[in-house]
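Good morning, colleagues. I would like to take a few minutes to go through some side-chain pairings, one helix packing and two strand residues. Please have the sequence and the model open as I speak.

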Amino acid sequence: MDGTSLEKITTEKRIEKLLSAYVPLPMCVINQQGKVTRASNKIDEVFKYDGIKDADIFALTGIKHGEFFSEGVNEKFLTLSRNDKIFRIQVGYIGNNEQRRAIIYFYDITNYETLKTMYNDERTCVATINVDNYDELTSSTSEEKRLALSTDIDKAVRQWAARGNASIIRYKESMYFMVFENAYLEKILENKFAILDDIRAIETEADFPVTLSIGIGAGGKHPAQNDQYAVAALDLALGRGGDQAVVKKGAKLEYFGGKMQTVEKGNKGKSRIIAHAIKQLVDQSSKVIIMGHRNPDMDSFGSALGIYRIVANRNKDAYIVINNYFETLAEIYNQAKETEFYQFINSEKAISMTDKDTLLVVLDTHRPSLTECKELLDLTERIVVIDHHRKAEEWIENATLYYMEPYASSTSELVTEILQYSGDKKNVAKLEVEGLLAGISMDTNRFAVKTGVRTFEAASWLRRSGADTTTVKRFFQTDVEAFKIKARCIADAEIKETGIAYAISHGHHPDIQVINSQAADELLSVKNVRASFVAGKDEKGTTVISARSLGEMNMQTIMEKLGGGGHLTTAGAQVECTPEEALQQIEEIVNSLDGKLAKNKEEK
């Protein structure tokens with residue numbers, strides 16, 4: 001008798017002995033082909049068949065037979081649901097080489113899993129709910145209908161809470177606090193926060209709808225931590241423009257909604273308060289360092305000139321941090337340098353100058369990774385952030401003063417209002433007001449998008465203060481090569497039947513980011529195009545993407561999936577893959593969103 005036959009007989013005897021012994025568990029034996037060779041009498045607790053001998057283990061369990069022979073299989077916590085029970089799978093082995101067999105034990109963990117599900121379902125979640133622009137809404141509603149509107153909002157919110165047996169209180173006219181179980185949160189997520197649509201459907205006399213911002217805290221160690229999560233989530237929802245819900249489970253964040261363009265606030269009271277606060281901070285500081293995002297654009301640079309003027313009028317030293325800039329900024333930057341009034345420094349110099357008494361003003365971004373010199377954020381506790389972008393997951397957390405208004409067209413618009421209320425209007429230089437007007441003009445695509453009443457009021461004030469529109473137009477002139485790249489990009493654009501335009505700008509022009517944004521804006525002027533995406537490589541080989549829409553599609557959420565961000569209608573991102581690969585990824589995301597939208601419409 002050869003060794004293989006002996007091994008086979010030995011293995012079979014060991015299996016027979018194992019099965020004849022009393023094992024209080026369902027178990028079966030499979031060979032290396034995944035076929036069941038033997039099974040214990042209790043196996044019918046798992047599989048309700050007459051017999052499972054010679055059956056394929058994959059057909060029985062849905063688990064490939066190779067998985068049972070893999071290393072570390074018992075650490076994977078394999079489970080199987082059968083006959084209203086849940087079994088934990090444990091694997092042992094018998095025999096060697098070709099005669100090796102896997103012995104599969106089925107542990108009944110139904111009670112444990114039921115208890116775990118009950119525990120998770122009954123965990124407390126906290127929600128903080130805000131009615132967006134409540135003051136503007138009520139002031140735009142006649143007195144006789146004001147009470148009815150408030151009642152309609154309250155009724156919709158309370159009915160939504162009642163569906164999940166939630167406890168809810170209204171502690172301000174526009175604020176609610178809600179406590180509910182985690183089981184209801186799963187239903188809310190499944191329905192994609194239908195309450196946002198229900199509230200938006202309420203009729204108003206205003207020229208904008210009612211919207212909610214919801215922050216939900218879940219998964220905390222205790223209710224107090226969930227409350228903190230909810231407050232942080234609501235802050236994020238409001239910072240992103242409102243009309244959306246943010247769910248924070250520990251470090252994980254999920255976003256829902258965000259379909260509406262942010263509503264402009266009619267009251268400029270906040271601008272006055274911010275202007276006063278900035279003046280106080282400047283007076284209390286030894287010096288002021290101003291920085292925007294890397295490779296500053298016209299909005300970042302124009303707003304920096306505006307803040308510089310406020311600081312100079314308080315007789316304090318100011319410095320603007322710039323390391324590199326696009327060619328399109330060369331005209332205004334060179335003019336500023338020639339005046340010898342503005343002090344421009346690089347990151348190395350800024351780091352050496354910054355101390356605890358230095359005021360750092362961050363403009364046109366609130367994300368540390370995008371700032372011109374993020375090291376400065378750790379060198380001083382006096383930080384002011386002024387930005388018009390929707391709030392991202394990454395943000396400067398230790399700022400003394402935050403002025404983030406997603407409704408605003410640009411940071412230059414916000415700085416213009418601050419400058420108006422700073423009390424030093426007579427000392428504003430012509431270059432500064434032209435820089436601010438250029439910043440507004442760029443971010444609104446010549447006042448075509450994201451433009452409100454306050455945008456025109458800011459532009460009017462800048463014009464009265466000496467801004468020359470002809471000079472501003474010269475700031476946007478590009479060279480012939482850039483014009484040709486943009487023209488080819490638009491001409492070769494692929495416009496899908498869905499109304500989405502995709503284009504690639506070929507070449508390595510230093511101003512490729514500006515070229516992309518201009519091309520994306522131009523493509524929106526084509527009939528039936530509702531969104532456009534333009535990608536191209538910069539001089540460093542990084543793919544730069546510009547995304548634009550007419551409001552139907554949220555560009556911010558799409559670009560965030562690629563590590564970027566922006567606004568509802570205007571966004572961008574920088575990625576390491578090729579432009580072709582980037583557009584392919586975007587197309588997959590867009591098709592997925594369109595598919596979900598169509599499905600939701602069918603369900604309704």
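Let me begin with a definition: helices here are DSSP runs of H or I with at least four residues, and they are numbered from the N terminus. The model itself is predicted.

I turn to the salt bridges. Across the whole structure, a search finds 21 of them. I shall discuss three pairs.

The first pair is Glu113 and Lys116, whose closest N and O atoms are 3.6 Å apart. Why are these two separated by about one helical turn? Glu113 and Lys116 are three residues apart in helix α4, which covers residues 110-121, and therefore about one helical turn separates them. As for accessibility, Glu113 is buried, with a relative accessible area of 12%, whereas Lys116 is partly exposed at 35%.

The second pair is Asp154 and Arg170, with 3.5 Å between the closest N and O atoms. Asp154 belongs to helix α6 (residues 143-162) and Arg170 to strand β7 (residues 167-172), so this salt bridge ties together parts that lie 16 residues apart in sequence. Are the two partners buried or partly exposed? Asp154 has a relative accessibility of 17% and counts as buried, while Arg170, at 27%, counts as partly exposed. The pair also has company: a network of salt bridges links Asp154, Arg158 and Arg170.

The third pair consists of Asp355 and Lys287, whose side chains meet in a salt bridge at 3.5 Å, N to O. Here the connection is between distant parts of the chain, 68 residues apart: Asp355 sits in the loop between α13 (347-353) and β15 (358-363), and Lys287 is in strand β12 (residues 287-291). In this case the acidic partner, Asp355, is partly exposed at 32% relative accessible area, and Lys287 is buried at 15%.

I move on to helix packing. Helix α14, residues 411-420, packs against helix α16, residues 453-464, at an angle of about 60 degrees, and their axes are 10 Å apart. The angle makes α14 oblique to α16, because the range counted as roughly perpendicular runs from 65 to 115 degrees. The crossing of α14 past α16 is left-handed. Which residues make the contact? From α14 they are Glu413, Thr416, Glu417, Leu419 and Gln420, and from α16 they are Arg454, Thr455, Ala458, Trp461 and Leu462. By character, the residues of this contact divide into four nonpolar, three polar and three charged.

Finally, I come to two strand residues. Leu401 lies in strand β17, which spans residues 401-404, and Leu401 counts as buried at 15% relative accessibility. Beyond its neighbours within four places in sequence, Leu401 is in contact with Ile274, Ala277, Ile278, Leu281, Ile383, Val384 and Val385. From Leu401 to Arg548 the C-alpha to C-alpha distance is 31 Å, with their positions 147 residues apart in sequence.

Ala501 lies in strand β19, residues 500-505, and Ala501 is buried, with a relative accessibility of 0%. What does Ala501 touch, not counting residues up to four places away in sequence? The contacts are Glu494, Ile495, Leu523, Val529, Ala531, Ser532 and Phe533. Ala501 and Arg530 are 29 residues apart in sequence, and their C-alpha atoms are 8.1 Å apart in space.

Thank you for your attention.

Note on methods: Residues are numbered from 1 along each chain as its sequence is written. This is a predicted model: local features need pLDDT of at least 70, side-chain atom pairs count only at pLDDT 80 or more; totals for chains, interfaces and linings use all residues. Side-chain values use heavy atoms; hydrogens and water are left out. A salt bridge is a side-chain nitrogen of Lys or Arg within 4 Å of a carboxyl oxygen of Asp or Glu. Buried means under 20% relative accessible area, exposed over 50%, partly exposed in between (1.4 Å probe, protein chains only). Axes are lines fitted to C-alpha atoms, for helices over the stretch in contact, and angles run from 0 to 180 degrees between N-to-C directions. Angles under 35 degrees count as roughly parallel, over 145 as roughly antiparallel, 65 to 115 as roughly perpendicular and the rest as oblique. A crossing is left-handed if the near helix is turned anticlockwise from the far one by less than a right angle, and right-handed if clockwise. Contact means heavy atoms within 4.5 Å. Ala, Val, Leu, Ile, Met, Phe, Trp, Tyr, Cys and Pro count as nonpolar, Asp, Glu, Lys and Arg as charged, and the others, Gly among them, as polar.
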